[in-house]
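Trainee: Could you pick one part of this model and take a close look at it with me? I'd like to see what it packs against, and then follow the neighbours outward.

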Amino acid sequence: MTDTLTLDSAEASRAADGATAEPAREASSIEMQGLHKRFGRDTVALAGVDLTIEAGEFFTLLGPSGCGKTTLLRILAGLEEADDGRLSIGGRDVTEVPPHKRSVNTVFQSYALFPHLSVRENLAFGLKMLGIAPREREARVARIAEFIQLGDLVDRRVDQLSGGQRQRIALARALVNEPDVLLLDEPLSALDAGLRSQLQVELLRVQKRLGMTFVFVTHDQDEAMVMSDRIAVLNGGVIQQVGPPREVYEHPANAFVARFMGHANLYPVSARDGDRLTTPLGVLSAEGAGQGELLLIRPETLDLLPGDQPGENRLPATVGERLYRGSHAEYRLEVGESTLQATVNNRGRRLPEVGDRVTVTVAPEDLVTLSE
Amino acid sequence: MRKRTLKRGLTGFWWFTLAFLYLPLAVVVLFSFNASNSAASFTGFSWRWYHQLMGNEQILSAFANSMVLAIVSSVIALGIGCLIGYGMYRHRHRKLGWLIVLIYLPIVLPDIVFGISEMAFFVQVHRLTGLFQPGLGTMIIAHVTFQIPFVALIVYSRFVGLDPTLFEAAKDLYATPAKRVIHFMLPTIKPALISAFFLSFTLSVDDFVISFFTAGPESATLPIYIWGAIKKGVSPEINAIATLMIGAVAIAAIISLMFSRRRQA
């Protein structure tokens, strides 16, 4: 806790009486081994989680509600105790360390700002509890207020703040303690879309500048992809896949991950002849698609040609439904007995209408297979 | 047209209710300033009865007893009720409904039953152990028992109104259990505590029945003194005491209300 925050922006350096930016403090890694958690007799929240989060990573726990992501975050914070397994942060075993003795801070979904304290006192709360002297407390609060660009918000009362402002105060209140790890429990879910994307950018900026390890919980796969260095997708208390956003999106490990990432075009592969896969849509040739028994066709890899134009990896289809979205259009196509979803960019060409006969084409290298 | 008639009717009813509630009090206040000792006609304004009060040692000692009883019992009830309120909050998910009913039973029990029970109990304990000589001590115990449920309820409802993650935020921000109490819980429920204290205070000052059954010869409170004095007829002096009590209770009740308002804000 002796290091100071790195404020490597030009304005912050000037603010810090002309001193040059200090090097980033050592970020901490997180190691989880065999974490189990049960609530009551029947509810399994975590069924054996092994996970390593690298130092300085923006790591996201993604999954539907009840998948265990929040439980996992609360175990990291020490607010929940695992029934079994070990947890270490920065190489130190903290499995049984209570929350007030962990160098970990949380940005709560409800922000949890103390109503009996001013914004400034809220920001200084952690430092005060740590026994930091008032003079240093003030300096650090001022520094974080500058860094998060809180401006005159620090002099307001908590009940005078809007949702977005509360969110930023909650972030500053956690960061001012310079924790080894910052935990964020769906911190943006209560905000409207515009403010949300603005704060996503701000969170990323903060994380990159501080080089701190961030563990972020969300159920929103778009948010996860924008923010994360790596994503862990959870379901039923089990990690389904861990990887960078592109890998999780383009090569989902299983049908659950594929569906959760928004893919609906999954077809069983009934026969396989080298690279030629037999599916309910017809026979398609794939390149490096893997050995899974499910074929995934991402909607944005499809192209629509007018009329019947037979050929390799071309499927005759009828437009069943079209959702016009301006920049692109989403199609539901009927291919024999099956349906296929396609996303087509609006490049000013004619967009096929409902009832039109079209030919769907897909490149062999865009096809992937996965297991159930 | 009919709407306006209805509105006028309701406004009239409101004033009628207010008059019904406050006219008797107004009569007492008015006659406390009566120059003569007639209870029938107001002959002129005078501080006479208030001066006479100040010279009456029985009244002064009854006043002192009332204050000691109200303050000491309220402080004790605040401490115990606060712990019970927090306990109820902490274990609100468990099935403890019957326990809460137990705590609330004294409120719905008729005062006279409660008072007689307390008296019988103290008499028995005194006979067996020599403790609990009837007096201020037994009165304080009796008052604390009926104040606790009110304190517990006010504290409990304050905690229930809080975002539960605040407790976790305090832990997360390095507050040890003791620091959580000092820097988070107590300051957060402070308005509730002030409100509960003044409510307990007014309940104690107001109480006659339970005090009457648990008092000793030396520990008459103002209500008990009034009751004794009134057997000899209503003197204007009693009106003056009553007026002072109305003032004191009104102030305490207003303070209690002010802080319970703030608690909701």
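Mentor: Let's start with H3(A), where Val119(A), Asn122(A), Leu123(A), Ala124(A), Phe125(A), Gly126(A), Leu127(A) and Met129(A) are buried. Buried here means that 20 or more other C-beta atoms, placed from the backbone, lie within 10 Å of the residue's own; 12 or fewer makes a residue exposed, and anything in between is partly exposed. The helix runs over residues 119-129 of chain A, and eight of its 11 residues are buried, so it is largely enclosed by the rest of the structure. Helices (H or I, at least four residues) and strands (E, at least two) are DSSP runs, numbered from the N terminus.

Before going on, some housekeeping. Residues are numbered from 1 along each chain as its sequence is written, while chains are lettered from A and ligands numbered from 1 in the order in which they are written. This is a predicted model, with local features needing pLDDT of at least 70 and side-chain atom pairs counting only at pLDDT 80 or more, whereas totals for chains, interfaces and linings use all residues.

What surrounds H3(A)? Its buried residues pack against strand E6 (104-107), helix H4 (134-147) and helix H5 (163-175) of chain A, together with H8 of chain B. Contact means that the C-beta atoms of two residues, placed from the backbone, lie within 7 Å. The backbone on either side of H3(A) is worth a look too. Just after the helix, Gly131(A) takes a positive phi of about 85°. In the loop between E6 and H3 of chain A sits Tyr111(A), which has a positive phi of about 70° although it is not a glycine. Most residues other than glycine have a negative phi. Tyr111(A) is also buried, with 24 other C-beta atoms within 10 Å.

H3(A) belongs to a chain with nine helices and 21 strands. Of the 372 residues of chain A, 39% count as buried. UniProt, in an unreviewed entry, annotates residues 30-261 of chain A as "domain: ABC transporter"; its positions are given in the numbering used here, feature names are shortened, and annotations may be inferred rather than shown by experiment. That stretch of chain A is 36% helix and 26% strand.

Now cross over to chain B. The contact between the chains takes 15 residues from chain B and 15 residues from chain A. On the chain B side, helix H7 (165-172) and helix H8 (177-206) each supply at least two residues, and H7(B) gives the most, with six. By class, that side has seven nonpolar, three polar and five charged residues. Ala, Val, Leu, Ile, Met, Phe, Trp, Tyr, Cys and Pro count as nonpolar, Asp, Glu, Lys and Arg as charged, and the others, Gly among them, as polar.

The loop between H7 and H8 of chain B holds Tyr174(B), another non-glycine with a positive phi of about 70°. Tyr174(B) is buried, with 23 other C-beta atoms within 10 Å.

Follow H8(B) and you'll meet H6(B): the two pack at an angle of about 155°, with their axes 9 Å apart. Axes are lines fitted to C-alpha atoms, for helices over the stretch in contact, and angles run from 0 to 180 degrees between N-to-C directions. That makes H6(B) roughly antiparallel to H8(B), given that angles over 145 degrees count as roughly antiparallel, under 35 as roughly parallel, 65 to 115 as roughly perpendicular and the rest as oblique. Their crossing is right-handed, meaning that the near helix is turned clockwise from the far one by less than a right angle; anticlockwise would be left-handed. The contact of H6(B) with H8(B) divides into 11 nonpolar, five polar and one charged.

One step further, the axes of H3(B) (residues 57-90) and H6(B) (residues 136-160) come within 5 Å and cross at roughly 40°. That makes H3(B) oblique to H6(B), and this crossing is right-handed as well. Here the contact has 23 nonpolar, seven polar and no charged residues.

As for the record, UniProt's unreviewed entry lists "transmembrane region" at several stretches of chain B, including 59-84, 136-160 and 181-203. Residues 181-203 of chain B are 100% helix, with end C-alpha atoms 28 Å apart; residues 59-84 of chain B are also 100% helix, their end C-alpha atoms 36 Å apart.
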